[in-house]
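Biologist: I'm new to this one, and I'd like a close look at a single part. Could you walk me through the aromatic rings and how they pair up?

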Amino acid sequence: MFNKISYLCARIMKKHILLLLFLLLFIAPCSMFNVQCSMIWAQRTNQAYWTYIDKYKDWAIEQMRDYHIPASITLAQGLLESNAGRSRLATQANNHFGIKVGGSWTGPYIVQSDDRPNDRFRKYKNARESYIDHSKFLQGKRYQGLFRLSITDYKGWARGLKAAGYATNPAYAEALIRTIEMYNLHQFDKGKLRSKSSAATPQPVIVDDFFQRHIIYHNNKNDFIVIEVGDDMATISKKTGLSLRKLYKYNDLPRDYAPTAGDIIYLKKKRKCASREFRKNPIHIVEENQSLFDIAQLYGIRLESLCELNEWDEPHAVQVGEILRIR
């Protein structure tokens, strides 16, 4: 009995020590350097990021071709600066890159506190104008040194942007690099353009080939696609060569599941834990409106394995702020 009690106490103390170390090593440094912790966590946990990438990747590649700025950098900046298109600047001013009024700007603006109270940010008619203006903005004198770097040197570009003063956040370069690597954004620096559009909203060319409309993404040694409007499981099964049974099983889905735009569908069996990238921080903090299934899909983990990692007999509802083990 004594040994059993000692064992249980040790287990409890270990969990508390791990939580304390997390608070000291992660949350405290974020407060110390005024880093937005939510931004760092969001880049690896938010499904809205995949939806944003799938929507705007063609424009990022187009800007790379026109202005020689890595598509990965444009996408990563857009993701972080606009919180995947959900920030106030993005929704009310179509400003995806946090560019302020200055220089020769004579257009409309929106007021929002940033480095100073009531900073003025550029306002655009649509998101496409924001993407084009971002490219033109980087043609300025302070960023000229970046264009001596290779188009595939996303790390050099990220550090160069921080050094040139694009953002005051001391972790800005690391956040860009982490975002690019987490979402494999550097694959777009090869210049694969699905379509080219000048419309205010990205409009892919509708063609018969399924894989012309769906980029194959990679996560945790697995392949997946992002569901688009009009997709159904029968079509996905036919085009990928996977049986419906396997698609449902690989993704922990019920047989009556109906795809929704933005959903992630894996094309191979998911793994038992998150990738090695998370070995130093093997936890996830549950966000608002996030289910256990959502978390399993985001990390490419089998739902039953996620339960085992957290010592649960079966899946159950999770609470905002709850800390889960993912590895």
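Modeller: Here is a walk through the aromatic pairs, two of them in detail. Keep in mind that this is a predicted model. The structure holds 18 aromatic pairs. Let's start with Phe97 and Tyr131: their ring centres sit 4.9 Å apart and their planes meet at 80 degrees, so this pair is edge-to-face, given that anything over 60 degrees counts that way. The two partners come from distant parts of the chain, 34 residues apart. Phe97 is in the loop between α5 (88–93) and β1 (109–112), while Tyr131 belongs to helix α6 (residues 127–137). As for exposure, Phe97 has a relative accessible area of 0%, so it is buried. Tyr131, with 1%, is buried too.

Now on to Phe137 and Tyr166. Their ring centres are 6.1 Å apart with the planes at 85 degrees, so this pair is edge-to-face as well. Phe137 lies in helix α6 and Tyr166 in the loop between α7 (154–163) and α8 (172–182), so the pair ties together parts that are 29 residues apart in sequence. Here the two rings' residues don't match in exposure: Phe137 is partly exposed, with a relative accessible area of 28%, whereas Tyr166, at 13%, counts as buried because the cut-off is under 20%.

Finally, there's a group to pick out on your screen: Tyr49, Trp50, Tyr183, Tyr217, Phe224 and Tyr266 make up one aromatic cluster.

Definitions and conventions. Residues are numbered from 1 along each chain as its sequence is written. This is a predicted model: local features need pLDDT of at least 70, side-chain atom pairs count only at pLDDT 80 or more; totals for chains, interfaces and linings use all residues. Side-chain values use heavy atoms; hydrogens and water are left out. Rings of Phe, Tyr and Trp (its six-membered ring) pair if their centres lie within 6.5 Å; planes under 30 degrees apart count as stacked, over 60 as edge-to-face and the rest as tilted. Helices (H or I, at least four residues) and strands (E, at least two) are DSSP runs, numbered from the N terminus. Buried means under 20% relative accessible area, exposed over 50%, partly exposed in between (1.4 Å probe, protein chains only).
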